[in-house]
Amino acid sequence: MPSTGLHGEYVLNENSINNNVTRISPGAYALGRIEGNTFYIAYVGRSDSDIKSRLKDHIGNYSYFKYDYFSTAKLAFDKECELYHDFGSSVSLDNKIHPDRPKNSNWECPRCTIFD
Ligand SMILES: [Zn+2]
């Protein structure tokens with residue numbers, strides 16, 4: 001398995017998010033479960049403006065999360081795409097579709113040609 005390069009893992013609940021994700025910032029994250037010493041990624045995502053708020057939307061759906069802040073929404077998008085491709089895309093992730101880009105952006109995936 002490739003490394004995520006993300007912080008964590010942390011339990012996905014309100015207290016844990018508040019304690020570990022302290023900034024309002026764009027960011028990317030991975031959600032999943034732990035078996036033994038291994039974190040299994042089931043879903044990847046990003047927020048263009050507030051990763052902390054976005055993570056809270058997933059409480060109850062997954063057990064653990066990893067995350068990192070990014071200085072811009074574009075960098076968070078790039079990271080989300082890397083995670084999506086590194087960890088199985090829609091074949092093995094719960095993500096049903098490729099990460100989307102904001103309307104009015106011309107961002108391209110760093111790893112595939114879906115937006116070409
Ligand atoms: Zn892609």
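Which residue stands opposite Phe 65 in E4? I looked it up: Tyr 10 does. Helices (H or I, at least four residues) and strands (E, at least two) are DSSP runs, numbered from the N terminus.

Two notes on the source. This is a predicted model, where local features need pLDDT of at least 70, side-chain atom pairs count only at pLDDT 80 or more, and totals for chains, interfaces and linings use all residues. Residues are numbered from 1 along each chain as its sequence is written.

Sheet. I found 4 strands in an open, antiparallel sheet, ordered E1-E4-E2-E3. Strands count as paired if DSSP finds at least two bridges between them. E1 (7-11) and E3 are the edge strands, each pairing on one side only. I read 3 bridges between E1 and E4, 6 between E2 and E4, and 9 between E2 and E3. Ala 30 stands opposite Lys 66 in E4, and Gly 32 stands opposite Ile 41 in E3. The E2-E3 hairpin has 2 residues between its strands, and Gly 36 there takes a positive phi near 60°.

Core. I checked the largest nonpolar core (buried Ala, Val, Leu, Ile, Met, Phe, Trp, Tyr and Cys joined through C-beta atoms within 7 Å; buried means 20 or more other C-beta atoms within 10 Å, with C-beta atoms placed from the backbone). It has 22 residues, and Tyr 29, Ala 30, Leu 55, Phe 65 and Tyr 67 touch the most other members. Helix H3 (73-86) is among the contributing elements. H3 gives the largest share, 5 residues.

Technical notes:
A residue is buried if 20 or more other C-beta atoms lie within 10 Å of its own, exposed if 12 or fewer, and partly exposed in between; C-beta atoms are placed from the backbone.
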